[in-house]
Amino acid sequence: MDAKRDVAGRPDRADVSRCARHGSVAGTRKTTPGFRIVEKYALLVGGGATHRLDLSQMVMLKDNHIWSAGSITDAVKVARSAAGFSAKVSKPRAGVIRRKGSVTASSSCLLFLFRQIEVEARTLEEGVEAAEAGADIVMLDNFEPGALKVAAKELKRLHPSVLIEASGGITTATMGDYFSEHVDIISQGNLTQGYPVVDFSLKIQK
């Protein structure tokens, strides 16, 4: 049976799971005030990724941070300095961790999570600068599907270890257009917003 399609020929909400895809589908930090834990848990139950639970879990450099620092490179440098050694992810060697009271646990099941640095990029050039500056994750923001796939492929060619996130303007109806072997995460705020919202932001003047 063919997947149900919307008027533009894209998979509708019920058929996104049928798309051939790589990586994770994630929510964003944007949740209903007072319902963050509930909505993040709902993402996990539904098979999605929670992204960061709050501002403390990842250093995310957006346009205001970059403009304030002067450049992407300088913004990453400042963020790395402020986060210190905690701005990495490290998995311990397998073994046994012993604690007081003779409680033991296998360290192979544990993942020490430290803050990673993610940079929002509006062009391929900004994404390359972010990766070269040491960003762990590059968010390609508000790209059209075709341009996204071209930029992601080039970024992965230059920096294979960098995670690439696609975000901005992606809906459940259009998500299938954004899947690519070079895109590791596709995020959208409406996974935790089942209601209309006012889209606004505050910008620092350059």
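**Chat about the pocket and its surroundings**

Colleague: Hi! Which helices and strands each supply at least two residues of the lining of the largest pocket?

Modeller: In this predicted model, the elements that each supply at least two lining residues are β2 (59-61), α2 (63-69), β8 (137-141) and β9 (163-167).

Colleague: And which element gives the most to that lining?

Modeller: Helix α2 does, with 4 residues.

Colleague: How much space lies in the largest pocket?

Modeller: About 1400 Å³. Its lining is made up of 42 residues, and those closest to the centre of the pocket are K30, K62, D199, F200 and S201.

Colleague: How do the lining residues divide into nonpolar, polar and charged?

Modeller: There are 14 nonpolar, 17 polar and 11 charged residues in the lining.

Colleague: Good to have for docking talk. Let me step back to the whole chain: how many helices and strands does the secondary structure come to?

Modeller: The chain has 5 helices and 10 strands. It runs to 206 residues, and 39% of them count as buried.

Colleague: What share of the contacts between residues at least 6 apart in sequence join residues at least 24 apart?

Modeller: That share is 54%.

Colleague: You said β8 supplies part of the pocket lining. Take I137, then: where is I137 found, and is I137 buried or exposed?

Modeller: I137 is found in strand β8. I137 counts as buried because its relative accessible area is 6%, and the cut-off for buried is under 20%.

Colleague: What does I137 touch, leaving aside residues up to four places away in sequence?

Modeller: The contacts of I137 are M58, Q116, I117, E118, V119, V162, L163 and E165. There is also a C-alpha distance to quote here: I137 and M60 are 9.0 Å apart in space, with their positions 77 residues apart in sequence.

Colleague: Moving along the chain, where is K156 found? And why does K156 count as buried?

Modeller: K156 is found in helix α5. K156 has a relative accessible area of 16%, and therefore falls under the 20% cut-off for buried.

Colleague: So what does K156 touch, with the same sequence neighbours left out?

Modeller: Not counting residues up to four places away, K156 touches V162, L163, I164, H182 and D184. V162 and L163 also appear among the contacts of I137.

Colleague: Nice link. Now helix packing: how do α3 and α4 cross?

Modeller: The axes of α3 (residues 72-83) and α4 (residues 124-133) come within 9 Å and cross at roughly 35°. The crossing is right-handed.

Colleague: Which residues make that contact?

Modeller: From α3 they are I72, T73 and V76, and from α4 they are E126, E129, A130 and A133. By class, the contact has 4 nonpolar, 1 polar and 2 charged residues.

Colleague: Let me switch to backbone angles. Which value does phi have at H51? And at N142?

Modeller: H51 has a positive phi of about 65°, and N142 has a positive phi of about 60°. Neither H51 nor N142 is a glycine. In general, most residues other than glycine have a negative phi.

Colleague: Where do H51 and N142 lie?

Modeller: H51 is in the loop between α1 (36-45) and β2. N142 sits in the loop between β8 and α5 (145-158).

Colleague: Is N142 buried or exposed?

Modeller: N142 counts as exposed because its relative accessibility is 53%, and exposed means over 50%.

Colleague: One last area, the loop between β9 and β10. Is Y178 buried or exposed there?

Modeller: Y178 lies in that loop, before β10 (185-187), and counts as buried at 8% relative accessibility. Its contacts, not counting residues up to four places away in sequence, are F143, E144, P145, L148, K149, I170, V183 and I186. The C-alpha atoms of Y178 and A147 are separated by 9.9 Å, at 31 residues apart along the chain.

Colleague: And what about D177?

Modeller: D177 has its place in the loop between β9 and β10 too, and is partly exposed with a relative accessible area of 27%. From D177 to E144, 33 residues apart along the chain, the C-alpha separation is 9.1 Å.

Colleague: Thanks, that helps!

Conventions:
Residues are numbered from 1 along each chain as its sequence is written. This is a predicted model: local features need pLDDT of at least 70, side-chain atom pairs count only at pLDDT 80 or more; totals for chains, interfaces and linings use all residues. Side-chain values use heavy atoms; hydrogens and water are left out. Axes are lines fitted to C-alpha atoms, for helices over the stretch in contact, and angles run from 0 to 180 degrees between N-to-C directions. A crossing is left-handed if the near helix is turned anticlockwise from the far one by less than a right angle, and right-handed if clockwise. Contact means heavy atoms within 4.5 Å. Ala, Val, Leu, Ile, Met, Phe, Trp, Tyr, Cys and Pro count as nonpolar, Asp, Glu, Lys and Arg as charged, and the others, Gly among them, as polar. On a 1 Å grid over the protein atoms alone, a cavity is a set of points where a 1.4 Å probe fits but cannot get out, and a pocket is an open set with protein on both sides within 12 Å along at least five of seven lines; lining residues have an atom within 4 Å of a point. Grid points are joined across faces, edges and corners, and a volume is the space filled by probe spheres set on the points. Buried means under 20% relative accessible area, exposed over 50%, partly exposed in between (1.4 Å probe, protein chains only).
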